[in-house]
Amino acid sequence: MHRTSPRNCRTRRALPILLACLSALALLSSASIDAVAQAAAADTRYERVVPSPDGIGKRYMGREIAGVMGWEGAQWLERESRAREERPELLLRELALAPGMTVADIGAGSGYYTWQLAKQVGPGGRVYAVDVQPEMIRMLDSQMAKRGVRNVVSVLGSETTVKLPPASVDLAIMVDVYHELAYPAEVLDSIVGALKPGGRVVFVEYRAEDPAVAIKALHKMSEKQIRREATAHGLKWERSIKSLPIQHVVVFRKP
């Protein structure tokens, strides 16, 4: 009788395991290559430049992205003069919000607009308050608790996504926020994904066209630039509102 040596048995048993491991490594390698390719494709949307004093050294569609105002500056968001300078009541009137709507306040900060939006949509509505800074989220939650606001859901987003449910939002608004997004293309894609069909995206930015608006250049945007960037993501321009003192409001709709 021919007797197989224990060594040969171990070799035969090891061979399928070795092949399985090699197959798994190939799949991992393929996934890694795909991830690298996707990251490279996304990065081609941006151009690296020498940073200006208020920028991050990164351009999107010809515009250098401004540096983010940190949570340490939250007091400026709540300044007493803001209501007089920006007339938020005019903006809220133009939004024509209705009870029961779902609104996303992107870059909500300390919640200056969040609680006002919450009043507009009423107890049957909801406001998602999205920010990327945990410190801002804590401030916002504290503000909502002090005001007794119960229809706000705070969301800690990331630099690339707002982390909202698909097709869940009637209107998304960004007040003096969009120009600071490190990944505007990715964030706007995620906002569009969160909008219901026919939902609106509202950009509120200090007017770059007006030299009398005493805001640093990178923290202002022209209407032309806003429209250029938004329409690249399939959004349809609906109207531009010019009734605010130092900002313009540009409204788009998801088809």
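This note sets out numbered points on the architecture, strand pairing and cores of a predicted model.

1. Overall composition. The predicted model contains eight helices and 11 strands. Of the 255 residues in the protein, 44% are buried. Among contacts with a separation of 6 or more, 67% are made by residues 24 or more positions apart. The protein exposes about 13600 Å², and 58% of that area is supplied by carbon and sulfur atoms.

2. Strand E8 and its cover. Strand E8 spans residues 195-207 and is mostly covered, with 10 of its 13 residues buried. The pairing partners of E8 described here are E7, E9 and E11, and they are taken in turn below.

3. The E7-E8 pair. Strand E7, residues 169-175, runs parallel to E8, and six bridges join the two. Within this part of the structure, Val175 stands opposite Val204 in E8. The chain passes from E7 to E8 through helix H7 (residues 184-194), and the resulting β-α-β crossover is right-handed.

4. The E8-E11 and E8-E9 pairs. Strand E11, residues 247-253, pairs with E8 in the antiparallel sense over seven bridges. Here Val202 stands opposite Val251 in E11. Strand E9, residues 220-221, is parallel to E8 and is joined to it by two bridges. Arg207 stands opposite Met221 in E9. For tracing side chains along these strands, it is useful to recall that side chains in a regular strand alternate between the two faces of the sheet.

5. The largest nonpolar core. This core has 31 residues, and the members with the most contacts inside it are Ile106, Leu164, Met174, Ile191 and Phe203. At least two core residues come from each of strand E4 (102-106), strand E5 (126-131), E7, H7, E8, helix H8 (223-231) and E11. H7 makes the largest contribution, with six residues.

6. Met174 within that core. Leaving aside residues up to four places away in sequence, Met174 touches Ile106, Leu181, Leu188, Ile191, Val201, Val202, Phe203 and Val204. Two of these residues, Leu188 and Ile191, are also listed among the buried residues of H7.

7. A second core. A separate core of 28 residues is also present, and its members include Ala118, Val127, Ile241 and Val251. Val251 of this second core is the E11 residue that stands opposite Val202.

8. Helix H7. Like E8, H7 is mostly covered: nine of its 11 residues are buried. The buried residues are Pro184, Ala185, Glu186, Val187, Leu188, Ser190, Ile191, Val192 and Ala194. The list thus contains Glu186 and Ser190 alongside residues such as Val187 and Leu188. An α-helix has 3.6 residues a turn, so residues three or four places apart point the same way.

9. The E1-E2-E3 sheet. Three strands form an open antiparallel sheet in the order E1-E2-E3. Strand E1 (46-48) and strand E3 (63-66) occupy the edges and have a single partner strand each, so one side of each lacks a neighbour in the sheet. From one strand to the next, the twist averages 40°. Strand E2, residues 55-60, pairs with E3 in the antiparallel sense over three bridges, and Tyr60 stands opposite Arg63 in E3.

10. Packing of H7 on this sheet. H7 lies across E1, E2 and E3 and runs at about 160° to E1. The helix that connects E7 to E8 therefore also lies across the three-stranded sheet.

Key:
Residues numbered from 1 in each chain as written. Predicted model: local features only at pLDDT ≥ 70, side-chain atom pairs only at ≥ 80, totals over all residues. Heavy atoms only, no water. Helix = DSSP H or I, 4+ residues; strand = E, 2+ residues; numbered from the N terminus. Buried < 20%, exposed > 50% of the residue type's maximum accessible area, 1.4 Å probe, protein only. Contact = heavy atoms within 4.5 Å. Areas by Shrake-Rupley, 256 points an atom, 1.4 Å probe, with all protein chains shown as cover. Pairing = 2+ DSSP bridges. Right-handed = clockwise from strand over helix to strand, strands pointing away. Core = buried A, V, L, I, M, F, W, Y, C linked by side-chain atoms within 4.5 Å. Axes fitted to C-alpha atoms, helices over the stretch in contact; angles between N-to-C directions.
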